[in-house]
Amino acid sequence: MNDRLAILIRYFLEKVPGAGRTRIIKFLYLIDHDARQFLGRPISQLQYIRHKKGPYSYEFDRQLKQMEIAGDVTAEQFAYQGSAGYSYHVAEPLDAEPFAPEEKVILDYVADLVKKSSLNELLDDIVYQTAPMVEAVKQRKPLGQPLNMALVDNIQRIPGLELERMLRSLDNVDKGNVRPLDELFAELSI
């Protein structure tokens with residue numbers, strides 16, 4: 001069992017109780033996409049493929065099934081567009097969230113985005129517009145082929161304004177660990 005993946009799934013289901021499989025996998029895809037943009041690395045380590053319903057990972061399937069068997073999540077079946085749909089809930093909340101502050105910012109942002117978007121908006125306006133998906137469609141990659149997630153590595157990373165550094169700075173301000181502005185200006189004029 002992939003403990004990190006299980007924690008990410010549980011974390012999302014705590015934020016969006018009753019989410020279905022599509023929302024869960026798109027959450028995972030988007031956190032990895034955004035983390036690659038801002039941090040230069042994914043959060044989940046999943047390998048995504050082009051699937052008929054967008055980015056997908058078979059490891060996600062295995063993990064969710066293991067979590068159901070272990071009783072970590074429960075699934076409720078319902079009828080959805082002529083077939084079976086499922087909504088998932090966590091059995092118990094996480095004891096602790098083992099995420100770095102910069103990961104937590106991305107997790108919360110994406111969970112909120114997924115929660116407030118209709119499924120069509122989530123897929124058509126957000127997920128399918130990401131660079132790895134656009135490239136896969138342009139290159140007519142067959143279904144089942146890996147997505148080129150490295151396309152977005154570090155594209156939002158601005159030297160000196162890295163997300164990790166900004167969060168540390170904000171934490172220092174909150175703790176009162178700051179220098180007077182006139183002192184900083186004096187250094188600049190030297």
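Buried means under 20% relative accessible area, exposed means over 50%, and partly exposed lies in between. The model used in these exercises is predicted.

**Exercise 1. Classify E102 and its partner R41, then place their contact in the chain.**

Step 1. Take E102. Its relative accessibility is 13%, so E102 counts as buried.

Step 2. Take R41. At 31% relative accessibility, R41 counts as partly exposed.

Step 3. Check the contact. A salt bridge needs a side-chain nitrogen of Lys or Arg within 4 Å of a carboxyl oxygen of Asp or Glu. The side chains of E102 and R41 meet at 3.7 Å, N to O, in a salt bridge.

Step 4. Place the pair. E102 lies in helix α4 and R41 in the loop between α2 and β1, so the salt bridge ties together parts 61 residues apart in sequence.

Step 5. Widen the view. A network of salt bridges links R4, R41, E102 and E103. The salt-bridge count comes to 7.

**Exercise 2. Trace the contacts that D153 makes with helix α2.**

Step 1. Start with the charged pair. D153 and R36 form a salt bridge through their side chains, at 2.7 Å from N to O. This pair links distant parts of the chain: D153 is in the loop between α6 and α7, R36 is in helix α2, and 117 residues separate them.

Step 2. Compare exposure. D153 has a relative accessible area of 26%, so it is partly exposed. R36 has 17%, so it is buried.

Step 3. Move to Q37. Q37 also has its place in helix α2. Its C-alpha is 4.9 Å from that of D153, although the two are 116 residues apart in sequence. Q37 counts as buried because its relative accessibility is 12%.

**Exercise 3. Describe the salt bridge between K15 and D108.**

Step 1. Find the distance. The closest N and O atoms of K15 and D108 are 3.7 Å apart.

Step 2. Locate the ends. K15 is in helix α1 (residues 3–15) and D108 in helix α4 (residues 101–116), 93 residues apart.

Step 3. Read the exposure. K15 is partly exposed, at 34% relative accessible area. D108 is partly exposed too, at 28%.

**Exercise 4. Characterise the largest pocket.**

Step 1. Give its volume. The largest pocket has about 710 Å³.

Step 2. Find its lining. There are 25 lining residues, and R21, T22, K53, Y80 and L119 lie nearest the centre.

Step 3. Sort the lining by class. It has 10 nonpolar, 9 polar and 6 charged residues.

Step 4. Assign the elements. Helices α2 (21–39) and α5 (119–126) each supply at least two lining residues, as do strands β3 (73–80) and β4 (83–90).

**Exercise 5. Which residues other than glycine have a positive phi, Q45 and R140 being the candidates?**

Step 1. Recall the background. Most residues other than glycine have a negative phi.

Step 2. Check Q45. Its phi is positive, about 70°. Q45 sits in the loop between α2 and β1 (49–51).

Step 3. Check R140. Its phi is positive, about 50°. R140 sits in the loop between α6 (131–138) and α7 (163–175). R140 counts as exposed because its relative accessibility is 73%.

**Exercise 6. Find the residues of the nonpolar surface patch that includes L181.**

Step 1. List the members. L181, L184, F185 and L188 make a patch of about 430 Å².

Step 2. Place L181. It belongs to helix α8 (residues 181–188).

Step 3. Classify L181. Its relative accessibility is 54%, so L181 counts as exposed.

Notes: Residues are numbered from 1 along each chain as its sequence is written. This is a predicted model: local features need pLDDT of at least 70, side-chain atom pairs count only at pLDDT 80 or more; totals for chains, interfaces and linings use all residues. Side-chain values use heavy atoms; hydrogens and water are left out. On a 1 Å grid over the protein atoms alone, a cavity is a set of points where a 1.4 Å probe fits but cannot get out, and a pocket is an open set with protein on both sides within 12 Å along at least five of seven lines; lining residues have an atom within 4 Å of a point. Grid points are joined across faces, edges and corners, and a volume is the space filled by probe spheres set on the points. Helices (H or I, at least four residues) and strands (E, at least two) are DSSP runs, numbered from the N terminus. Ala, Val, Leu, Ile, Met, Phe, Trp, Tyr, Cys and Pro count as nonpolar, Asp, Glu, Lys and Arg as charged, and the others, Gly among them, as polar. Patches are made of residues with over 30% relative accessible area and no salt bridge: like charges are joined within 9 Å, nonpolar side chains (Val, Leu, Ile, Met, Phe, Trp, Tyr) within 5 Å. Accessible areas come from the Shrake-Rupley method with a 1.4 Å probe; for residues, only the protein chains shown count as cover. Buried means under 20% relative accessible area, exposed over 50%, partly exposed in between (1.4 Å probe, protein chains only).
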